[in-house]
Amino acid sequence: MGALRVDEGYIVSMASKLISINSENPPGREAEIASFLAERLSELGLKARVDAFDGRANCIGASKDFGGADLLLLTHLDTVPAGERRAWSTPPFGGVIRDGRLYGRGAADAKGCIASMLGALKALADGGVELGGGGLVFAAVADEEAESQGVRRLLGSGFRSRYAVVGEPTSFRVCVAHKGRLVAAVKIAGRCAHSSRPELGVNALYAAAELALGIEELSKKISGRRHPLLGSPIASATILRAGEKDNMVPGWAEVILDYRALPDEDLSTIIDEFRRIAEEIDRRRKARHEILVLRWVPPSETDPSSRIIEAAAEAVRTVLGREPEIAGFQATCDMSYLVNEARIPSVILGPGSLEQAHSVDEWVSVSELITAAKIYALIILGILEPAYAPDSS
Ligand SMILES: [Zn+2]
């Protein structure tokens with residue numbers, strides 16, 4: 001990185017401090033971590049503000065303008081809950097370092113990314129780099145782990161960027177596509193009867209069980225559909241609720257379905273597949289079904305020729321000294337909103353692995369935090385064509 005230096009002590013202490021500020025979602029309490037981060041961004045010479053809304057908060061820093069940028073660095077403030085404290089071998093909000101690993105809730109997802117992005121911004125500030133072009137915006141948003149209220153608020157305010165990097169644990173793979181996720185409830189109405197006279201009723205539980213097995217069949221059927229980076233779509237039945245009393249034929253049931261969609265699959269096509277299975281069961285069992293969409297996060301994909309992919313790949317190549325892996329991200333994330341709602345070509349890239357995310361004893365490697373800061377700094381330099389930068393070759 002030529003004359004640019006990352007401050008390793010700063011990155012590690014920031015990551016540890018961020019972990020120590022509890023931002024579990026639910027309930028989602030981002031206010032404290034957002035104001036801590038806004039102070040750090042001000043220290044690095046950025047304009048910084050906390051956008052508080054409905055008990056939630058985004059933290060935004062801008063080199064030029066809050067309304068738009070050439071490059072958006074996006075990551076999230078919230079974490080999933082730590083769960084049972086006693087299951088952890090280090091305190092989940094301790095930010096403890098042991099054997100080169102930083103432990104705690106959010107270490108990988110995504111407080112490590114925040115710390116590495118801060119480290120990149122500090123390296124540029126320390127190096128006296130003047131960011132050119134349309135500027136940079138760093139946004140650490142609320143509620144990524146639930147309803148993505150934070151990124152939706154950012155885009156709803158009219159904010160736009162030419163390109164974006166989404167900080168999530170990818171083990172330095174440059175992820176240019178991700179699966180979508182549908183959660184649907186299928187409500188099945190049968191008819192109650194005394195269980196000594198089942199022929200008088202319609203057992204909704206049997207219909208629900210058949211539906212669940214039908215979804216298993218569907219998952220096998222669609223396994224032939226393949227995306228070069230994301231593999232196959234996946235359909236699962238994840239919850240079945242039915243029945244009221246042990247001597248009654250259940251008159252209702254509900255099955256929750258989870259579908260992981262490829263970029264060329266849309267909501268109505270997926271619902272049609274569920275409906276075909278449910279209608280067949282209705283006919284045979286004289287039941288009635290209704291399908292409700294509980295959540296839909298569409299898949300997205302960035303054009304392979306986009307400059308942000310090239311800039312990210314070049315940064316990884318320079319820092320790691322090997323060919324970067326261009327890959328797909330199996331989970332959903334805020335990239336969906338950037339691409340589908342705002343047409344911002346994006347990549348997902350960060351330290352740590354998705355296996356660590358949401359797990360007990362979550363950790364991220366300290367050396368990966370440092371490496372990620374170097375990579376983010378090079379991406380910023382690559383996109384923003386700085387007016388002045390010390391030898392960055
Ligand atoms: Zn995340």
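A disulfide is taken here as a pair of cysteine sulfur atoms within 2.5 Å. By that yardstick, this predicted model holds zero disulfides. Take C333: the closest cysteine sulfur to its own belongs to C175 and sits 8.6 Å away, so the two are too far apart for a bond. C333 is also tucked out of reach of the probe for the most part, counting as buried with a relative accessible area of 3%. C192, on the other hand, comes out as partly exposed, because its relative accessibility is 41%.

The zinc ion is held by H76 through NE2, by D109 through OD, and by E168, which supplies two OE contacts. These protein donors lie 1.9 to 2.6 Å from the metal. As for geometry, the angles among the four donor atoms run from 54 to 140°, and the site is classed as irregular. For reference, four tetrahedral donors would ideally sit at 109.5 degrees.

Along the chain, the donor residues follow the spacing H-x32-D-x58-E. D109 belongs to helix α3 (residues 107–126), while E168 is found in the loop between β7 (160–166) and β8 (174–178), so this pair ties together parts of the chain that are 59 residues apart in sequence. Both D109 and E168 are buried.

The helix that carries D109 is itself mostly covered, with 18 of the 20 residues of α3 counted as buried. Just past the end of α3 comes G128, whose phi is positive at about 70°.

Technical notes
Residues numbered from 1 in each chain as written. Predicted model: local features only at pLDDT ≥ 70, side-chain atom pairs only at ≥ 80, totals over all residues. Heavy atoms only, no water. Donors = N, O, S within 2.8 Å, 3.2 Å for Na, K, Ca; no water. Tetrahedral: all angles 85-135°; square planar, octahedral: opposite > 155°, others 65-115°. Helix = DSSP H or I, 4+ residues; strand = E, 2+ residues; numbered from the N terminus. Buried < 20%, exposed > 50% of the residue type's maximum accessible area, 1.4 Å probe, protein only.
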